[in-house]
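Reader: Please take one residue and work outward from it. I want a close look, in short sentences, with cut-offs.

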Amino acid sequence: MQIWDLVTRLGGQMRITAAGTIIGWDFGTALAMAGALGIDPASVAEILPAIEAVMVRALNEQREIRDG
C-alpha cells in the first residue's frame, strides 16, 4: 500500500520526450520520495519498474488515441 501511495505522488515526476512521448518516472526522485515517506527503497526498486511499464504503455496509448 505504501508503494501505491508513492505512485500516486509521482505524477509530476515523469520523463517525457520533446515529442511528448512518456518514457517513465524520474527514479532518483522516486527513491528520494520513498525515503522521505519511510518506504523501503529496496522494495521500491523491485516493484516500481513493473508499475512504471504499465503506466507508460497506458498513457502513451491514450495519447495516441487522443492525437489520432
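In which strand does Ile23 lie?

Author: Ile23 lies in strand S2, residues 22–25. Strands here are DSSP E runs of at least two residues, and helices are H or I runs of at least four, both numbered from the N terminus. The model is predicted, so local features need pLDDT of at least 70 and side-chain atom pairs pLDDT 80 or more, while totals for chains, interfaces and linings use all residues. Residues are numbered from 1 along the chain as its sequence is written, and side-chain values use heavy atoms, without hydrogens or water.

Start with the exposure of Ile23. Its relative accessible area is 43%, so Ile23 is partly exposed (buried is under 20%, exposed over 50%, partly exposed in between; 1.4 Å probe, protein chains only). Now its contacts, meaning heavy atoms within 4.5 Å. Beyond its neighbours within four places in sequence, Ile23 is in contact with Arg15, Ile16, Thr17, Glu52 and Val56. Gln13 gives a distance to check. Ten residues separate Gln13 from Ile23 in sequence, and their C-alpha atoms are 11 Å apart in space.

Follow the contact to Glu52. This residue sits in helix H3. Glu52 is buried, at a relative accessible area of 11%. Its contacts, leaving out residues up to four places away in sequence, are Arg15, Ile23, Gly24, Trp25 and Phe27. Its side chain also reaches the backbone nitrogen of Trp25 at 2.8 Å. That is a polar contact: N or O atoms within 3.5 Å, one able to donate a hydrogen and the other to accept it, with sequence-adjacent residues counted only if both atoms are side-chain atoms.

Asn60 is found in helix H3 too. Asn60 counts as buried, with 12% relative accessibility. A polar atom of its side chain lies 2.8 Å from the backbone oxygen of Ile22. Apart from neighbours within four places in sequence, Asn60 touches Thr21 and Ile22.

Next, Leu10. This residue is in the loop between H1 and strand S1 (14–16). Leu10 is buried, at 0% relative accessibility. Past four places in sequence, Leu10 touches Trp25, Ala30, Met33 and Leu48. Leu10 and Val54 are 44 residues apart in sequence, and their C-alpha atoms are 14 Å apart in space.

Now the helix pairs. Two packed helices are described by the angle between their axes and the distance between those axes. Axes are fitted to C-alpha atoms over the stretch in contact, and angles run from 0 to 180 degrees between N-to-C directions.

Take H2 against H3. Their axes cross at roughly 135° and come within 10 Å. H2 and H3 are therefore oblique to each other (under 35 degrees is roughly parallel, over 145 roughly antiparallel, 65 to 115 roughly perpendicular, the rest oblique). The crossing is right-handed: the near helix is turned clockwise from the far one by less than a right angle, where anticlockwise would be left-handed. From H2 the contact uses Phe27, Ala30, Leu31 and Ala34; from H3, Pro41, Val44, Ala45, Leu48, Pro49 and Glu52. By class, this contact holds nine nonpolar, no polar and one charged residues. Nonpolar covers Ala, Val, Leu, Ile, Met, Phe, Trp, Tyr, Cys and Pro; charged covers Asp, Glu, Lys and Arg; the others, Gly among them, are polar.

H2 spans residues 27–36. At its start, a side-chain oxygen of Asp26 comes to within 3.0 Å of the backbone nitrogen of Gly28. After H2 comes Gly38, with a positive phi near 80°.

Then H1 against H3. H1 covers residues 2–9 and H3 residues 41–67. They pack at about 55°, with axes 11 Å apart. That makes H1 oblique to H3. H1 passes H3 in a right-handed crossing. Ile3, Trp4, Leu6 and Val7 of H1 meet Ser43, Val44, Ile47, Leu48 and Ile51 of H3. These residues divide into eight nonpolar, one polar and no charged.

Last, the whole chain. The protein has three helices and two strands. Along the sequence the pattern is α-β-β-α-α. The C-alpha trace spans about 40 × 20 × 15 Å along its principal axes. Of the 68 residues, 24% count as buried. Among contacts between residues at least 6 apart in sequence, 58% join residues at least 24 apart.
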